[in-house]
Amino acid sequence: MDQMVLKTQQWLNNTYRGKTGFGSVVEDGATGWDTIYGLIRALQIELGITATANNFGPGTQSRFRNRWPNGISQSDGDSNVYAII
């Protein structure tokens with residue numbers, strides 16, 4: 001078990017559980033697709049996408065680029081998105 005992966009899984013569930021389109025991730029500290037999909041869905045929620053998916057498709061790319069055309073930095077003030085990235 002990786003403690004940092006576990007903390008990420010716990011943060012995702014504490015922050016996004018109950019939000020439309022998130023669901024949950026297994027809190028087992030194991031790296032894997034479930035956690036990656038959770039991070040993608042969390043980013044989509046932050047971008048205002050309610051019909052989330054387990055992939056980073058053109059809609060997610062477009063919304064991200066429109067919001068941060070030069071990429072995101074820690075100083076942008078959006079700590080959840082910075083944490084997800």
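**Entry 1: N13**

I opened on N13 and found the backbone oxygen of V25 lying 2.8 Å from a polar atom of its side chain. This is a predicted model, so I read every distance here as a property of the prediction. The side chain of N13 also makes a polar contact of 2.8 Å with the side chain of E27. I looked up the element next: N13 sits in helix α1. Is N13 buried or exposed? It counts as buried, because its relative accessibility is 2% and the cut-off for buried is under 20%. Leaving out neighbours within four places in sequence, I listed F22, S24, V25 and E27 as the contacts of N13. I also checked N13 against L39: they are 26 residues apart in sequence, and their C-alpha atoms are 10 Å apart.

**Entry 2: helix α1**

I then went over the whole of α1. The helix runs over residues 3-16, which makes 14 residues. From first C-alpha to last I get 20 Å, close to the 20 Å expected at 1.5 Å a residue. Which residues of α1 are buried? My list reads V5, L6, Q9, L12, N13 and Y16. They share one side of the helix, because the arc they cover around the axis is only 135°. I reminded myself of the general rule: an α-helix has 3.6 residues a turn, so residues three or four places apart point the same way. On the other side of α1 I noted M4, K7 and N14 as exposed.

What do the buried residues of α1 pack against? I found α2 (33-46) and α4 (79-84).

I looked at both ends as well. At the start of α1, a side-chain oxygen of D2 comes to within 2.8 Å of the backbone nitrogen of M4. After the helix comes G18, with a positive phi near 90°.

**Entry 3: helix α2**

Next I took α2. It has 14 residues, and its first and last C-alpha atoms are 20 Å apart, close to the 20 Å expected at 1.5 Å a residue. The buried set I wrote down for α2 is T35, G38, I40, R41, A42, L43, Q44 and I45. Looking for what covers these buried residues, I found α1, α3 and α4 among the elements. A glycine follows here too: G48 comes after α2, and its phi is positive, near 85°.

I stopped at I36, which is also in α2. I put it down as partly exposed, because its relative accessible area is 37%, and that class runs between 20% and 50%. I36 and N55 are 19 residues apart in sequence, with 9.3 Å between their C-alpha atoms.

**Entry 4: R41**

R41 of α2 got its own page. It is a buried residue, yet I found no salt bridge for it. How far away is the nearest side chain of opposite charge? That side chain belongs to D34, and it is 5.1 Å away; a salt bridge would need a side-chain nitrogen within 4 Å of a carboxyl oxygen. What I did find was a backbone partner: the oxygen of F22 lies 2.8 Å from a polar atom of the R41 side chain. Not counting residues up to four places away in sequence, R41 touches G21, F22, S24, V25, T52, A53 and N54. I cross-checked with my first page: F22, S24 and V25 are listed for N13 and for R41.

**Entry 5: T60**

I moved on to T60, in helix α3 (residues 58-67). It counts as buried because its relative accessibility is 4%. Its side chain joins that of Q44 through a polar contact of 3.1 Å. Q44 was already on my list of buried residues in α2. Beyond its neighbours within four places, T60 is in contact with L43, Q44, L47, I49 and N55.

**Entry 6: I84**

Last, I looked up I84 in helix α4. Relative accessibility comes to 10%, which means I84 counts as buried. Which residues are in contact with I84, leaving aside its neighbours within four places in sequence? I wrote down W11, Y16, L39, A42, L43 and E46. I also compared I84 with L6: the two are 78 residues apart in sequence, and 14 Å separates their C-alpha atoms.

Note on methods. Residues numbered from 1 in each chain as written. Predicted model: local features only at pLDDT ≥ 70, side-chain atom pairs only at ≥ 80, totals over all residues. Heavy atoms only, no water. Helix = DSSP H or I, 4+ residues; strand = E, 2+ residues; numbered from the N terminus. Expected span 1.5 Å × (residues − 1). Buried < 20%, exposed > 50% of the residue type's maximum accessible area, 1.4 Å probe, protein only. Arc of directions from axis to C-beta. Contact = heavy atoms within 4.5 Å. Polar contact = N/O pair within 3.5 Å; in protein donor to acceptor, adjacent residues only side chain to side chain. Lys, Arg positive; Asp, Glu negative; His and termini not counted.
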